[in-house]
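Opening the notebook on a new model today. I'll jot down what I look up as I go.

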Amino acid sequence: MQHDDAIWDLIGNDNFCSYKVKTKTQQFCRNEYNVTGLCDRSSCPLANSQYATVREEKGLCYLYVKVIERAAFPAHMWEKVKLDRNYAKALEQIDENLIYWPRFIQHKCKQRLTKITQYLIRIRKLTLKRQRKLVPLSRKVERREKRREEKALIAAQLENAIEKELLDRLKQGTYGDIYNFPIHAFDKAMEKQEEETESEEEEDEEEESGTREFVAEDEFEESDLSDFEDMNNLKGSSDEEEDDEEESGEEEESEEELEEEKTKAKSKGKAPLKGPIRKKRAYVEIEYEQETEPAQKSKAI
Amino acid sequence: MDSNEATTSESVSKKRGKTKKVKRKVKPDEAPVQEMDQAEGEETEKKSVSGPCFPPTFSVSEIKNKQRRHAMFLKLKEEKRKQKLELKKKKKKERKALGDQAPPKEVPKTIENQRIYDETTVNPEDEEVAFDEGTDEFSAYFSRLTNPKVLITTSDRPRGRTVRFCEQLATVIPHAHVYYRRGLALKRVIPQCVSRGFTYVMVINEDRKVPNGLVLCHLPDGPTAHFKVSNVRLRKEMKRRGKDPTEHVPEVILNNFSTRLGHSIGRLFAALFPHDPQFVGRQVATFHNQRDFIFFRFHRYIFKNEKKVGIQELGPRFTLKLRSLQKGTFDSKFGEYEWVHKRHEMDSSRRKFHL
């Protein structure tokens with residue numbers, strides 16, 4: 001005989017049941033045949049000799065039925081009825097199998113069937129979409145890579161490499177006529193390579209020692225240039241007569257070109273003037289006007 | 001008398017500081033040893049311990065007292081350092097004395113020096129390589145038939161950092177468009193891109209609100225490269241940066257791509273940018289490979305004179321590490337992988353690099 005009440009007394013409220021999970025507000029039942037999942041008098045599969053559930057296996061729903069007549073045969077206690085794949089037909093099957101059963105169990109079985117079909121649909125939809133593949137990271141490997149990356153960064157010396165590359169490109173002439181430096185570079189290279197022409201170098205030295213330079217005072221500003229124009233013209237004419245204009249006027253040219261760069265940059269208005277073009281104002285400012293200069297300027301622009 | 005002296009010296013030394021202990025030992029000990037023939041065990045030991053010119057017949061670790069042991073160890077280290085310095089000075093003098101005849105300076109060993117030679121390293125004059133490069137998937141780009149057009153997108157539901165990273169990348173790479181992913185499958189996205197004339201698809205994968213992966217797919221069936229992204233720095237996190245990059249086409253610098261694999265990756269990056277850089281913009285994008293890490297930087301340069309150039313960093317920076325290179329377009333299941341990073345095989349040697 002099944003003593004449902006006695007069993008419930010033993011395992012029910014506040015008593016021990018191995019399937020019971022207690023939380024603050026509620027008690028759950030971990031028994032796999034439980035229809036609702038809660039631990040109460042009408043949902044406990046142990047304390048009810050007439051019981052039914054719906055369970056799903058590999059995408060198919062089955063109705064499990066337990067009746068009191070088979071209580072003595074634990075191996076055959078649960079009768080498994082395969083339900084139709086069609087939801088509506090499955091509901092009818094439940095109805096016909098559980099006819100005359102308490103409404104509570106019928107209702108709960110149908111509810112459970114609904115939930116199961118819903119989640120099966122969801123699974124099928126998700127498998128069609130892209131699935132995220134989780135790749136486990138090994139902490140040791142990550143740490144090792146991070147360290148190696150830091151060391152590689154130090155070894156790379158990026159700024160130097162980039163600067164070197166840019167200067168190489170400038171020397172090769174990939175920038176064409178944009179910058180006026182190439183003439184300089186070319187001349188300097190020529191000087192270095194041709195050691196035969198020592199006489200030229202001697203001449204240069206003599207000329208450089210002989211040239212007069214007008215050194216400005218501390219508070220000299222560029223705006224005051226106009227006063228010196230006459231002087232420059234005087235000097236300019238004498239410069240033209242010399243053969244090696246450019247070599248003697250190296251410093252002046254470089255400064256002039258720097259200013260050209262600056263003016264060009266200013267006119268374009270796109271270059272940030274703060275960073276690299278912080279022209280350090282030397283106290284010595286030598287300005288020479290040469291007649292060939294304007295021609296170059298127009299070419300550059 | 002000796003024992004008294006010894007005991008007094010010991011007691012004194014124990015009271016005073018570390019190094020003083022040893023010095024104190026020296027003075028009283030040396031005197032009696034000279035005078036007396038009685039060599040007490042302690043004294044000889046002490047003499048051998050404290051005299052620096054004596055070769056140590058024991059090791060520092062035999063002293064049981066921690067403080068004394070530590071003091072002796074420090075002394076030992078000091079000795080060694082002095083010897084090393086003397087040696088260096090001597091060598092330098094010799095070098096100077098020899099002048100021109102001195103043997104050439106030894107080059108210090110670096111990882112780059114000691115790198116295991118990779119047989120796929122490209123020889124610049126190699127014809128086969130040149131032929132391959134003339135007929136591979138990038139030949140269309142390099143023969144100026146196509147112009148690059150890049151689509152940048154992310155994985156699902158990107159967070160702020162990734163979104164900003166995408167936007168900044170789009171400013172750095174000309175003709176780049178950012179599209180929101182909306183959970184679309186890449187395999188469906190790719191044919192659509194092809195039909196709209198894109199040449200590249202760049203997918204930035206995100207993990208825990210931070211970009212950590214990059215899939216770069218060259219479109220009309222080009223190779224697909226999967227990289228690990230690390231150390232992403234957005235524009236506002238950069239120190240001393242300049243203004244935003246302009247619309248000019250930047251120049252491209254590719255450094256240290258030496259092997260065949262490195263070459264193909266280098267071309268992959270080169271084909272991202274249009275052919276003719278606008279030198280007016282003075283912007284340069286650098287992909288620098290060092291020990292299989294590819295560092296990306298974006299700078300603005302200015303030539304101060306023909307020997308000096310100033311660079312100022314704008315733009316985002318990140319590092320990439322190649323994880324796999326696949327022959328066709330993105331297909332993780334059935335794709336044909338040209339190169340896959342296998343950790344146990346490839347990471348075993350510290351001197352072996354593949355790019």
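**Cysteines**

I started with A:Cys39, which counts as buried at 9% relative accessibility. Worth keeping in mind for everything below: this is a predicted model.

Next I asked how many disulfides the structure holds over all chains. The count came back as zero. For reference, a disulfide is a covalent bond between the sulfur atoms of two cysteines. I then checked which cysteine sulfur is closest to that of A:Cys39. It is the one in A:Cys29, at 5.4 Å, and that is too far for a bond. The cut-off I need here is 2.5 Å between the sulfur atoms, so this pair doesn't count as a disulfide.

I also looked at B:Cys166 in the other chain: buried or exposed? B:Cys166 is buried, with a relative accessible area of 1%.

**Sheet in chain A**

I moved on to the strands of chain A. Three of them form an open sheet, ordered S3-S4-S5, with antiparallel pairing. I noted the edge strands as S3 (51-57) and S5 (78-82) of chain A, since each pairs on one side only. Ignoring direction, neighbouring strands in this sheet are turned by 25° against each other on average.

Then I went through the pairing of strand S4 (residues 60-66) of chain A with S5(A). Five bridges join the two, and they run antiparallel. As for which residue A:Tyr62 partners in S5(A), I found A:Lys82.

**Strand S1 in chain B**

How enclosed is strand S1 (residues 150-154) of chain B, I wondered. Five of its five residues are buried, so S1(B) is largely enclosed by the rest of the structure. I checked the two faces separately and both are covered. On one side sit B:Val150, B:Ile152 and B:Thr154, on the other B:Leu151 and B:Thr153, and all are buried.

I looked for the pairing too. S1(B) is joined to strand S2 (residues 176-178) of chain B by three bridges, and these two strands run parallel. Opposite B:Ile152 in S2(B) stands B:Val178.

**Nonpolar patch in chain B**

Last stop was the surface. I wanted to know which residues form a nonpolar patch there. I got B:Phe73, B:Leu74 and B:Leu76, which together have about 250 Å² of accessible area. I picked out B:Leu76 for a closer look: B:Leu76 lies in helix H4 (residues 66-98) of chain B. With a relative accessible area of 32%, B:Leu76 is partly exposed. Patch members need over 30%, so B:Leu76 meets that cut-off.

Conventions
Residues are numbered from 1 along each chain as its sequence is written. Chains are lettered from A and ligands numbered from 1 in the order in which they are written. This is a predicted model: local features need pLDDT of at least 70, side-chain atom pairs count only at pLDDT 80 or more; totals for chains, interfaces and linings use all residues. Side-chain values use heavy atoms; hydrogens and water are left out. Patches are made of residues with over 30% relative accessible area and no salt bridge: like charges are joined within 9 Å, nonpolar side chains (Val, Leu, Ile, Met, Phe, Trp, Tyr) within 5 Å. Accessible areas come from the Shrake-Rupley method with a 1.4 Å probe; for residues, only the protein chains shown count as cover. A salt bridge is a side-chain nitrogen of Lys or Arg within 4 Å of a carboxyl oxygen of Asp or Glu. Helices (H or I, at least four residues) and strands (E, at least two) are DSSP runs, numbered from the N terminus. Buried means under 20% relative accessible area, exposed over 50%, partly exposed in between (1.4 Å probe, protein chains only). Two strands pair if DSSP finds at least two bridges between them. Axes are lines fitted to C-alpha atoms, for helices over the stretch in contact, and angles run from 0 to 180 degrees between N-to-C directions.
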